Amino acid sequence: MSINSEKLLHSGLFIFTKFIGLRVLKSNTFQPISGLATRGYLASIAGQPGGQSTGVLAAHGEPNRCGLHTSSALCWERPTGPRKFLTHNQTVFPPTPFGEQPRPAFVCHMKKNIKYSPSKMWYVACLVRGLRIDDAINQLKFVHKKGSVAARETLEEAKELAVKEHNVEFASNLWVSESFVGKGMIIRGYRRHARRRFGKVEYKYCHYFVTLEEGDPPEHYYPFRRPRTPQELLEEWMEEQRRRTIIKSL
């Protein structure tokens with residue numbers, strides 16, 4: 001190998017090591033090296049059989065090791081999606097005092113990052129509130145919406161989880177006490193139109209949360225929607241009459 005080719009190879013090696021962030025030669029002065037030594041040096045840098053690569057936790061006192069981080073300690077990713085809702089399953093209540101009704105068991109479950117709009121999923125979530133678990137699953141089987149499949153899978157998983165981990169005796173003795181939707185991530189993109197124009201596109205995701213409670217569901221899930229008794233209607237009318245204002249009266 002001639003001196004010019006060795007200079008060219010040495011300069012390319014220096015640029016390569018600077019580009020990938022590895023250790024470079026201790027001196028910038030040119031030292032003629034042979035082709036075999038160059039291949040051995042490259043192998044020791046790149047972690048090939050010519051030399052072993054080390055990670056972040058390696059000792060710093062070994063100059064022959066590579067400076068490229070190969071450890072998984074730097075591969076941490078921030079968890080996505082809600083993390084606090086499932087902590088309700090870990091709540092420990094004090095013993096129920098003697099003479100009081102036992103506290104009904106409950107289980108919280110969710111399905112995150114559903115490829116569906118949260119505004120559309122809201123209608124599916126409202127449908128199953130206050131229903132028995134079997135009735136809710138049967139109702140969702142007849143809903144021709146994409147979100148009903150995810151909601152039905154979540155209810156079935158929560159039903160199975162209640163028996164296995166939360167000491168629920170009968171899986172059918174559950175009702176949906178909470179069913180709501182959370183907003184997930186939004187991936188924004190562009191769509192081409194005519195005359196060099198672009199339109200914005202949003203790919204929306206949502207999270208579905210559900211809570212099952214042991215026992216019978218209430219007669220009216222929304223108290224303000226229940227039919228009022230004649231006595232309540234009379235009291236409301238009397239109160240309106242007392243609050244009215246009569247013009248030019250004493």
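A salt bridge here is a side-chain nitrogen of Lys or Arg within 4 Å of a carboxyl oxygen of Asp or Glu. The model is predicted: local features need pLDDT of at least 70, side-chain atom pairs count only at pLDDT 80 or more, and totals for chains, interfaces and linings use all residues. Residues are numbered from 1 along each chain as its sequence is written, and side-chain values use heavy atoms, with hydrogens and water left out.

**Exercise 1. Salt bridges**

Task: Find how many salt bridges the rule gives, then place the pairs Arg 188–Glu 202, Glu 157–Lys 111 and Arg 228–Glu 236.

Solution.

Step 1. Count. The rule yields 11 salt bridges. The background is simple: side chains of opposite charge can pair when their charged atoms come close.

Step 2. Take Arg 188 and Glu 202. Their side chains form a salt bridge at 3.6 Å, N to O. Arg 188 sits in strand E2 and Glu 202 in strand E3, so the pair ties together parts 14 residues apart in sequence. Strands (E, at least two residues) and helices (H or I, at least four) are DSSP runs, numbered from the N terminus.

Step 3. Check exposure. Buried means under 20% relative accessible area, exposed over 50%, and partly exposed in between (1.4 Å probe, protein chains only). Arg 188 counts as exposed because its relative accessibility is 54%. Glu 202, at 33%, is partly exposed.

Step 4. Take Glu 157 and Lys 111. Their N to O distance is 3.9 Å. This pair links distant parts of the chain: Glu 157 is in helix H5, Lys 111 is in strand E1, and they are 46 residues apart. Glu 157 has a relative accessible area of 36%, so it is partly exposed.

Step 5. Take Arg 228 and Glu 236. Their salt bridge has an N to O distance of 2.3 Å. Both ends are partly exposed: Arg 228 at 47%, Glu 236 at 31%.

Step 6. Look for shared partners. Lys 111, Glu 153 and Glu 157 are joined by salt bridges into one network.

**Exercise 2. The nonpolar core**

Task: Which residues of the largest nonpolar core touch the most other members, and which elements each supply at least two of its residues?

Solution.

Step 1. Fix the term. A nonpolar core is a set of buried Ala, Val, Leu, Ile, Met, Phe, Trp, Tyr and Cys residues joined through side-chain atoms within 4.5 Å.

Step 2. List the hubs. The largest core has 24 residues, and Ile 114, Met 121, Leu 155, Val 176, Tyr 208, Val 210 and Leu 212 touch the most other members.

Step 3. Assign elements. At least two core residues come from each of strand E1 (106–114), helix H3 (118–127), helix H4 (133–140), H5, E2 and strand E3 (198–214). H5 gives the largest share, 5 residues.

Step 4. Inspect one hub. Contact means heavy atoms within 4.5 Å. Beyond its neighbours within four places in sequence, Leu 155 contacts Ile 133, Ala 136, Ile 137, Leu 140, Val 176, Val 210 and Leu 212.

**Exercise 3. One loop residue**

Task: Is His 166 buried or exposed?

Solution.

Step 1. Locate His 166. It lies in the loop between helix H5 (146–165) and E2.

Step 2. Apply the cut-off. His 166 counts as buried because its relative accessibility is 16%.

Step 3. List its contacts. Not counting residues up to four places away in sequence, His 166 touches Asn 89, Ala 105, Phe 106, Val 107 and Leu 161.

**Exercise 4. Cysteines**

Task: How many disulfides does the structure hold?

Solution.

Step 1. Set the test: a pair of cysteine sulfur atoms within 2.5 Å.

Step 2. Report the count. The structure holds 0 disulfides.

Step 3. Check two cysteines. Cys 108 is buried at 3% relative accessibility. Cys 206 is buried at 0%.

**Exercise 5. Positive phi**

Task: Where do Arg 195 and Lys 248 lie?

Solution.

Step 1. Recall the background. Most residues other than glycine have a negative phi.

Step 2. Take Arg 195. Its phi is positive, near 60°. Arg 195 is in the loop between E2 and E3 and is exposed at 75% relative accessible area.

Step 3. Take Lys 248. Its phi is also positive, near 60°. Lys 248 lies in the segment after helix H6 (230–243) and is exposed at 86%.
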